[in-house]
Amino acid sequence: MLYCNSMRFYSLSDNKTIVKRLIEQYKNDESKIVQKSLISIVINILIFSIEENDFKNMDYYISFVNNIPTNPDIFFYKNIMEFFTYFIQYKNKKDKSALKYCNLIIKNISIAGMSKYAKELLEFKNKYQ
């Protein structure tokens, strides 16, 4: 989690290299803490990629997270991952239906009582749309 919090100090390409190594090292670890950490790190990579409009090799990260089984402990992280996956789909293919899923995820997070986080996602979506 320390790395997750300091990722902004590295370039996107450096982060991609570091994250690929982390994924390869821990991809078979079944610890929920490790899985949450890896998903959080991947979410940061997706955020940085959107900010820099660089979507090369995103399938690698998305596929990795999709292969982690969803359970109550990591549902929130997988939900946020879906938001960014759909948002990247919109950015890459100009698929407006992907934005509908983003909006549903934002609504779901708000309904679940995390209105501040939902607002942050909405602001991010509006800024980079």
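# Asking the helices why

Q: Which residues is Lys125 in contact with, leaving aside its neighbours within four places in sequence?
A: In this predicted model, Lys125 touches Phe83, Phe87, Leu99, Cys102, Asn103 and Ile106, once those sequence neighbours are set aside. Lys125 itself sits in helix α7.

Q: How do you know that Lys125 has no salt bridge?
A: Look for a partner: the nearest side chain of opposite charge is Glu123, and that is 12 Å away. A salt bridge needs nitrogen and carboxyl oxygen within 4 Å, so a gap like that rules it out. Lys125 is buried all the same.

Q: What makes Glu123 and Lys119 a salt bridge?
A: Their side chains come to 3.9 Å, N to O, and the cut-off is 4 Å, so the pair qualifies. Both residues belong to helix α7 (residues 115-128), 4 residues apart, or about one turn of the helix.

Q: Why is Lys119 called exposed?
A: Its relative accessible area is 51%, and exposed starts over 50%, so Lys119 makes the grade.

Q: And why does Glu123 count as partly exposed?
A: Glu123 comes in at 45% relative accessibility. That is neither under 20% nor over 50%, so the in-between label applies.

Q: Which residues do salt bridges that share partners join into one network?
A: That would be Lys16, Asp54 and Lys56. Lys16 pairs with Asp54, the closest N and O atoms being 3.6 Å apart. The side chains of Lys56 and Asp54 meet too, at 4.0 Å from N to O. A search of the whole structure turns up 5 salt bridges.

Q: What makes the pair of Lys16 and Asp54 a link between distant parts of the chain?
A: The two are 38 residues apart: Lys16 is in helix α2 (residues 12-26), while Asp54 is in the loop between α3 (32-52) and α4 (58-66).

Q: Are Lys16, Asp54 and Lys56 buried or exposed?
A: Lys16 has a relative accessible area of 11% and Asp54 has 18%; buried means under 20%, so both are buried. Lys56, at 56%, is exposed, because the bar for that is over 50%.

Q: Which residues have the most contacts inside the largest nonpolar core?
A: Val19, Val42 and Phe84 do, in a core of 41 residues. At least two residues of this core come from each of α1 (2-6), α2, α3, α4, α5 (75-93), α6 (96-111) and α7. The largest share, 10 residues, is supplied by α3. As for Phe84, its contacts beyond four places in sequence are Ile43, Leu46, Ile47, Ile50, Leu121 and Phe124.

Q: How do you know that the span of α3 agrees with what it should be?
A: With 21 residues at 1.5 Å a residue, α3 should span 30 Å, and its end C-alpha atoms are indeed 30 Å apart, so the two agree.

Q: What makes α3 mostly covered?
A: The tally does: 15 of the 21 residues in α3 are buried. Just after this helix, Asn53 takes a positive phi of about 55°.

Q: How do you know that the buried residues of α6 line one face of the helix?
A: Those residues are Ala98, Leu99, Cys102, Ile105, Ile106 and Ile109. Viewed down the axis of α6, they fall within an arc of 115°, so they line one face. Their cover includes α5 and α7. The face turned away from the buried side carries the exposed Lys96, Lys100, Leu104, Lys107 and Ile111.

Q: How does the reach of α6 compare with the span expected at 1.5 Å a residue?
A: From first C-alpha to last, the 16 residues of α6 reach 23 Å, close to the expected 22 Å. Following this helix is Gly113, with a positive phi near 100°.

Q: What is the phi of Asn57, and what of Lys94?
A: Asn57 has a positive phi of about 65° although it is not a glycine. Lys94, also a residue other than glycine, has a positive phi near 55°. Asn57 is in the loop between α3 and α4, and Lys94 in the loop between α5 and α6.

Q: Why is Asn57 called partly exposed and Lys94 exposed?
A: Asn57 has a relative accessible area of 48%, and Lys94 has 53%. The line for exposed is over 50%, so Lys94 passes it and Asn57 does not.

Technical notes. Residues are numbered from 1 along each chain as its sequence is written. This is a predicted model: local features need pLDDT of at least 70, side-chain atom pairs count only at pLDDT 80 or more; totals for chains, interfaces and linings use all residues. Side-chain values use heavy atoms; hydrogens and water are left out. Buried means under 20% relative accessible area, exposed over 50%, partly exposed in between (1.4 Å probe, protein chains only). A nonpolar core is a set of buried Ala, Val, Leu, Ile, Met, Phe, Trp, Tyr and Cys residues joined through side-chain atoms within 4.5 Å. Contact means heavy atoms within 4.5 Å. The expected span of a helix is 1.5 Å times one less than its number of residues. Lys and Arg count as positive and Asp and Glu as negative; His and the chain ends are not counted. The arc is that of the directions from the helix axis to the C-beta atoms.
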